[in-house]
Amino acid sequence: ADGSLDAVVSSFLRKGFLTSWQIERLKKGDPSGFFYGGCKILFHLAEGTFARVYRGVKVETGKPVAVKVLRQRFASDPVSIDRFNKEAEAGMKLSHPNIVRILDYGEDDKKYYMIMEYVEGANLRDFLKIRGRLNEEHALPLMIGMAKGLKYSIDSGVTHRDIKGTNIL
């Protein structure tokens, strides 16, 4: 309305042109990392030592996705890049209801990413922090589902090398 930066930012947020996460990145002088493989990044979800995970949407369809991006400190290391790409290739071979699907992967301006199925909800570690200990009646179906996914993966020749509470959704 008045042409001020605050008014422009407010308008962009209201119309959905930018998210608050994107605006914070722009304020820090970093206009990169808003798009990967035809997906628009909306906000940060999680991170580990090796990569960060963002919530995004496919630009063409609006379908929600998760986008895993290799951390910049590993983006110049050929061994790390190869490991990241092999993880994506192996994951793309798997199709099971108890395994998050990897839909695509690639590189954009020396930033390596993989596009994954977005799963609504919490990871096991956060779930247990809120719920506390689970009794057998509630824990058993979760464990059976995880075991079925792992068996399928192993039978397909793919070993998950990072099983932990934050990787179980």
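Strand 4 (64-70) and strand 6 (residues 111-117) are joined by 5 bridges and run antiparallel, where strands, like helices, are DSSP runs numbered from the N terminus (E, at least two residues for a strand; H or I, at least four residues for a helix). The model is predicted, so that local features need pLDDT of at least 70 and side-chain atom pairs count only at pLDDT 80 or more, while totals for chains, interfaces and linings use all residues. Residues are numbered from 1 along each chain as its sequence is written, and side-chain values use heavy atoms, with hydrogens and water left out.

Within the pairing of these two strands, Val-67 has Ile-115 of strand 6 as its bridge partner. The sheet as a whole is open and is formed by 6 strands in the order 1-2-3-4-6-5, with antiparallel pairing; two strands are taken to pair if DSSP finds at least two bridges between them. Its edges are strand 1 and strand 5 (102-108), each of which pairs on one side only.

Two helices are placed against these strands. Helix 2 lies across strand 2 and strand 3 (51-58) and runs at about 85° to strand 2, whereas helix 3 packs on the sheet and touches strand 3, strand 4, strand 5 and strand 6, its direction making about 155° with that of strand 5. Contact here means heavy atoms within 4.5 Å, and the angles, which run from 0 to 180 degrees, are taken between the N-to-C directions of axes fitted to C-alpha atoms, for helices over the stretch in contact.

A search of the whole structure finds 8 salt bridges, each defined as a side-chain nitrogen of Lys or Arg within 4 Å of a carboxyl oxygen of Asp or Glu. Among them is a network that links Glu-47, Arg-52 and Arg-71. In this network the closest N and O atoms are 3.8 Å apart for Glu-47 and Arg-52, and 2.6 Å apart for Glu-47 and Arg-71. Glu-47 lies in strand 2 (residues 39-47) and Arg-71 in the loop between strand 4 and helix 3 (78-92), so this pair ties together parts that are 24 residues apart in sequence. With buried meaning under 20% relative accessible area, exposed over 50% and partly exposed in between (1.4 Å probe, protein chains only), Arg-71 is buried at 10%, while Glu-47 is partly exposed at 46% and Arg-52 is partly exposed at 29%. Another salt bridge joins Lys-27 to Glu-24, with the closest N and O atoms 3.8 Å apart; these residues stand 3 apart in helix 2 (residues 20-27) and are therefore separated by about one helical turn. Lys-27 is exposed at 61%, and Glu-24 is partly exposed at 41%.

The aromatic pairs number 6, where rings of Phe, Tyr and Trp (its six-membered ring) pair if their centres lie within 6.5 Å, and planes under 30 degrees apart count as stacked, over 60 as edge-to-face and the rest as tilted. One of these, formed by Phe-12 and Phe-17, is edge-to-face, at 5.7 Å centre to centre and 85° between the planes. Trp-21 and Phe-34 form a tilted pair, at 6.0 Å and 55°, which links distant parts of the chain, Trp-21 being in helix 2 and Phe-34 in the loop between helix 2 and strand 1 (35-36), 13 residues apart. Both Trp-21 and Phe-34 are buried, and ring pairs link them with Tyr-54 into a cluster.
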